Structure formats: C-alpha cells, structure tokens
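Below is a predicted model. The paragraphs after it go through its charged side chains, then its aromatic rings.

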Amino acid sequence: MSTAAAPVRTLRTGTVLADLLPASRVRDVALVVGGAALTGLAAQLSVPVPGSPVPVSGQTFAALLVGTALGARRGFLSLALYAVVGMAGVPWFAQGSSGYAMPSFGYILGMLLAATVVGALARRGADRSVPRTAGTMVLGSAIIYAVGVPYLALATGMSLGQAVAAGLTPFLIGDALKAALAMGALPAAWKLVGRKG
C-alpha cells in the first residue's frame with residue numbers, strides 16, 4: 001500500500017484564478033459583468049457610520065477580490081462597469097445610492113484603481129500565500145483611501161484631518177477583518193486548484 005501523496009500541480013506565475021476557466025470572449029465578458037454585479041451586491045451589505053457620510057459596506061472587499069481573481073485588465077473593466085452603471089442611475093452603490101454627486105464617490109474611483117493594482121500583483125503570485133495576500137489587500141485598501149479620503153474632503157469641505165477621522169479611522173477594524181478573509185480564501189483556493197490538477 002502506497003502512502004505517497006497525490007502530485008500537486010504547479011501553477012505558473014502570470015495566472016490568476018479566472019484564467020483557470022476555459023478561455024473565450026464569452027468567459028471574459030461574463031467575468032467582467034459578474035465582477036461588477038458581485039461588487040454591486042456586496043455594496044448592499046452596508047451599515048451607516050455615525051458622523052460619517054461614508055458607510056461600512058462590502059463593496060471594498062468585493063472590489064479587491066474581483067481585481068485579485070480576475071487580474072488587472074478584467075478587474076479594471078469590471079469596476080469601470082460598476083462605476084459607469086451606478087453613475088447612470090442603477091442604485092447599486094452602498095446604501096442603494098447611484099450617481100456621482102455624493103461624497104463617497106471617491107472611494108469608488110479608488111476601488112477602480114485598487115482592483116487594477118491588486119490584479120497586476122496577483123499575476124505575479126501575490127495571492128498565493130497568506131503573507132503576500134495580506135500585503136496585497138493592505139496596499140489595495142491604502143489605494144482606495146488615498147483617493148477616497150481627499151475626495152471626501154473636497155466634496156464636503158472638511159479639512160483633511162476631519163476627512164481622515166470620518167472616512168478612514170472608523171473603517172480600519174473592518175478592513176483588517178476583510179483582509180483576514182482574503183488571506184484565508186485566496187491561498188486556499190490556489191491550494192485546492194493545485195491539488196485538483
């Protein structure tokens with residue numbers, strides 16, 4: 001009786017999780033639309049934060065997950081579709097809002113950039129281990145805040161310090177929890193895929 005473990009398939013760097021599906025234009029369109037829809041659905045998991053025009057929502061986690069799983073190009077297109085459709089009036093931004101004349105719209109622009117960056121990092125294997133996934137999620141969150149907080153300050157007339165207090169500080173614990181979820185889910189998905197190969 002052999003006790004040797006089944007061989008583990010080595011998946012090359014340059015591949016993101018979405019690339020493991022059979023390649024076609026239909027696949028790519030479905031992934032882009034699905035990523036936008038996932039972000040819109042996650043945005044509905046939203047809780048108002050007292051004293052802040054920005055709610056806690058699942059959309060930032062979804063945006064980072066979409067970028068990482070789909071890669072930079074499809075992640076960008078997915079979040080661009082999410083933003084454009086929401087600006088056109090579909091109420092799928094946080095708290096069922098739409099349009100671009102809201103103080104939290106800068107976070108949506110930040111998510112578009114963050115999904116692109118984390119997608120590019122995922123192509124370099126940044127989602128295959130817990131420490132690298134943690135770093136990728138922290139960087140993605142930092143990009144979202146780097147765009148969202150100054151936008152919040154400009155849109156509301158807050159000082160930068162007030163915008164940090166209202167649009168960053170209350171969200172740090174939630175972002176740490178979201179990063180922890182990603183740190184467990186993404187490397188585990190790669191391990192599972194490697195074993196099935």
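Start with Asp175, which counts as buried because its relative accessibility is 13% and the limit for that word is under 20%. Its partner is Lys178: the two form a salt bridge in which the closest N and O atoms are 3.7 Å apart. Lys178 is buried as well, with a relative accessible area of 17%. Both residues belong to helix H7, which covers residues 172–196, and because they are three residues apart there, about one helical turn separates them.

Other salt bridges share partners, and in this way Asp19, Arg27, Asp28, Arg73, Arg74 and Arg123 are joined into one network. In total the structure has six salt bridges.

Asp19 is a useful residue to follow through this network. With 24% relative accessibility, Asp19 is partly exposed. One of its salt bridges goes to Arg123, with 2.5 Å from N to O. Asp19 lies in the segment before H1 and Arg123 lies in helix H4, so this pair ties together parts of the chain that are 104 residues apart in sequence. Arg123 is partly exposed, its relative accessible area being 27%.

Asp19 also forms a salt bridge with Arg74, where the closest N and O atoms are 2.7 Å apart. This pair, too, links distant parts of the chain: Asp19 comes before helix H1 (25–43), while Arg74 is in helix H3, and their positions lie 55 residues apart in sequence. Arg74 is buried, at 3% relative accessibility.

A charge can also be placed against a ring. Here the charged end of Arg128 sits over the ring of Trp190, at 3.9 Å from the ring centre.

That leads to contacts between rings. Two numbers describe a pair of aromatic rings: the distance of the centres and the angle of the planes. The structure holds five aromatic pairs. One of them is formed by Tyr82 and Trp92, whose centres are 5.3 Å apart and whose planes make an angle of 45°, so the pair is classed as tilted, being neither under 30 degrees nor over 60. Tyr82 is in helix H3 (residues 72–87), whereas Trp92 is in the loop between H3 and helix H4 (105–123), ten residues away.

Are these two rings buried or exposed? Tyr82 is buried, with a relative accessible area of 0%. Trp92 is also buried, at 17%. Both belong to one aromatic cluster, which is formed by Tyr82, Trp92, Phe93, Phe105 and Tyr151.

Terms used: Residues numbered from 1 in each chain as written. Predicted model: local features only at pLDDT ≥ 70, side-chain atom pairs only at ≥ 80, totals over all residues. Heavy atoms only, no water. Phe/Tyr/Trp six-rings, centres within 6.5 Å; stacked < 30°, edge-to-face > 60°. Helix = DSSP H or I, 4+ residues; strand = E, 2+ residues; numbered from the N terminus. Buried < 20%, exposed > 50% of the residue type's maximum accessible area, 1.4 Å probe, protein only. Lys NZ or Arg CZ within 6 Å of the ring centre and 35° of its normal. Salt bridge = Lys/Arg side-chain N within 4 Å of Asp/Glu carboxyl O.
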